[in-house]
Amino acid sequence: MSVEKTAREPCCSKLKMFLAAMCFVFFAKAFQGSYMKSSVTQIERRFDIPSSLIGFIDGSFEIGNLLVIAFVSYFGAKLHRPRLIGAGCLIMAMGSFITAAPHFFQGLYKYETTISHSTAANGTESILPCLTNGSLANDNEIPTVEIQAECERAASSTLWIYVFLGNMLRGVGETPVMPLGLSYLDDFSREENTALYMALIQTLGILGPMFGFMLGSFCAKLYVDIGAVDLDTITINHKDTRWVGAWWLGFLFTGGVMLLAGIPFWFFPKSLPKQGETETDKKSNILEGEQDRFIPDNNKHSTAPNQPAPVSMAVLAKDFLPSLKKLFSNTIYLILVCTAFVQVSGFIGMITFKPKFMEQIYGQSASRAIFLIGIMTLPAVALGIITGGFIMKKFKLKVLGATKLCIGTSLLSFSALLIQYFLQCDNSQVAGLTVSYEGAPQVSYQKNTLISTCNMGCSCSIKHWDPICASNGLTYASPCLAGCQTSTGYGKDMVFHNCTCIREAPLPFANMSAVLGQCPRKSDCDYMFKFYMVVTVIGAFFSACGATPGYIVLLRSINPELKSLALGIYILIVRTLGGVPPPIYFGALIDRTCLKWGTKQCGGKGACRIYDSGAFRNAFLGLIYGLYSLSYVLWGVLYNRLSHREKKLAIKNRLKAPEQDDNGVSSGNRNVSSAIVKCSENPDQETTI
């Protein structure tokens, strides 16, 4: 008598190696994507474009996904999935290199400034900000179309198109990773291990954003033209809103990492042995993953008994529309897709402009905001994802239990988000913008408020942004608008003296001096920012706890034969509606709160330099609250449908149970009779009943 044993899985099985490769590629693509998010502000400043346009550039990644994901998810499931993932990694690496290319075609970065220079007799540089007969006040001169076009060509101001195309190419390359990789893993692993494996992939993948934001913070502190200019001559630092970091450097590095991540996938087979399969099963059955059972095989008579039938592209294309129709007839799947894209819309809008929010509301530098997101928020997200997977495995939650976990964690996260509204700071005090030159709060912003009696004789430009911090605590839009007459020092250490507008402020000082840069926020703002970061970390943890249960609800709510197609269409819709429009309309709404726009080299509106922090907060958080509230309504509808479906299945199973018992008794009687007949025919054969 032979005893059937379960095959012992080796410690370095191909499935585990594939799992390790998936972890690395998830890390690499998250590393690459988060670096792009962290560089949004730097790219916006380098190309002097508004937030709505940078939102469109950021959304080009999803546009690339949109172009190919339906075909990759459907046809890719029948082809060699690991090699398609390897090809995608190569395309993503090329996209990163193309994104960095404009830096090498552009000239040196020229930030806007109103400072004019002259050399004193003793050789010390003297700055004359207040030009009584200067030319900076000629703001109303409109250049001709030819002059404008020539200037823009010289400034290479349209090279942001390369960033758009490179980011879109990254989106094309990322397409096969999730639907094909996760379905490949789900096909050949035990069902009870799927949730843990997905949690592991997502947890290690979340290290990518952590390192991506840290790299973004590091590059944001490096000057864009590092190695090509004398940094001592630069009059701005990394805290200035005109500063542009070495954004291009990170794209070269992340592209190299992605190139390495794709190498292992070229060496995996098309299919693997099922995890935990017995030795008998291995010898007698040909393992058919999702890609072999997706399309019915009508040509079995023409193939060898031990080989799967070849799949033709014509057969695949013919069955595509019926499969799509079958998928969209699943109401639960449609509600899941709608819920996901609404939630993702809020998340994408929030994460895209979160560094700008921290910079404008709490007075943090872009590099510090990016660093804090990477070092504090993302580890909480990683812990939340693994916690969600552990809860699923520990309590063996089914679909309804996973849905309850998603709803509960989302509501806790939303509560933390609501608290953030009350953690606010006052506007930065800028004379002529947020406060008057006498220090009184401004009711509304108008251009002519920048001109006051104290600077009227200086012929100042009101278009340029070249802020200085006065000894009275007020920021002035430029040394000229502060009425400064002389200066001492060089580069970042420059000090302006005899500033006539400082005399009109509520706290005048005898020296009436000012230094370069904006004034720091009040000390209570730093205190409020610490509370904001604590609440943000807690909210990120609870939000991430629902990630793994959400994937399980999706996978268990669709037909197993349509798994890759369902995942692909899910990603297609979620990324199309939840990934492309949000950065654009979030950016357009944020642009409406701008108080002072920068000026391009060729004239015209550049990137925003300072926002109305109260209006920014209301627009940014208000839109997030609205989207998340809608998603919770959809979660309620989804739970109701799932509960109704589970009750119907339970009733159906109870009705089937008596029929199976009756069939079992009659079948048993037939087997006994058959055995007796066989025994009489072969009396020497040993029979066990």
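Q: What makes strand E6 and strand E7 count as paired?
A: Strands pair if DSSP finds at least two bridges between them. Two bridges join E6 (residues 495–497) to E7 (residues 514–516), so the rule is met; the two run antiparallel. Phe496 stands opposite Ala514 in E7. A strand here is a DSSP run of E with at least two residues, a helix a run of H or I with at least four, both numbered from the N terminus. The model is predicted: local features need pLDDT of at least 70 and side-chain atom pairs pLDDT 80 or more, while totals for chains, interfaces and linings use all residues. Residues are numbered from 1 along each chain as its sequence is written, and side-chain values use heavy atoms, without hydrogens or water.

Q: Why are strand E4 and strand E5 said to stand at the edges?
A: The open sheet has five strands in the order E4-E3-E7-E6-E5, paired antiparallel. E4 (475–476) and E5 (486–488) each have a single partner strand, so one side of each lacks a neighbour in the sheet.

Q: Why is strand E8 called mostly covered?
A: Buried means under 20% relative accessible area, exposed over 50%, and partly exposed in between, with a 1.4 Å probe and protein chains only. Five of the six residues of E8 (594–599) are buried. E8 pairs with strand E9 (residues 605–611) in the antiparallel sense over four bridges. In their hairpin, Gly603 takes a positive phi near 85 degrees.

Q: How do you know where the largest nonpolar core lies?
A: A nonpolar core is a set of buried Ala, Val, Leu, Ile, Met, Phe, Trp, Tyr and Cys residues joined through side-chain atoms within 4.5 Å. The largest has 133 residues, and Val25 and Trp247 are among those that touch the most other members. Helix H14 (residues 331–362) gives the largest share, 14 residues. Domain 1 (12–111 + 145–276) and domain 2 (327–428 + 521–654) both contribute, so the core lies between them; the domain bounds come from an automatic or database assignment.

Q: Which residues is Val25 in contact with, leaving aside neighbours within four places in sequence?
A: Val25 is in contact with Cys89, Val177, Met258, Ala261 and Phe265, where contact means heavy atoms within 4.5 Å.

Q: What makes a residue part of the second, separate core?
A: The rule for a nonpolar core applies here too, so a member must be buried and joined through side chains to the set. This core has 31 residues, including Leu433, Ala477, Leu595 and Ile610.
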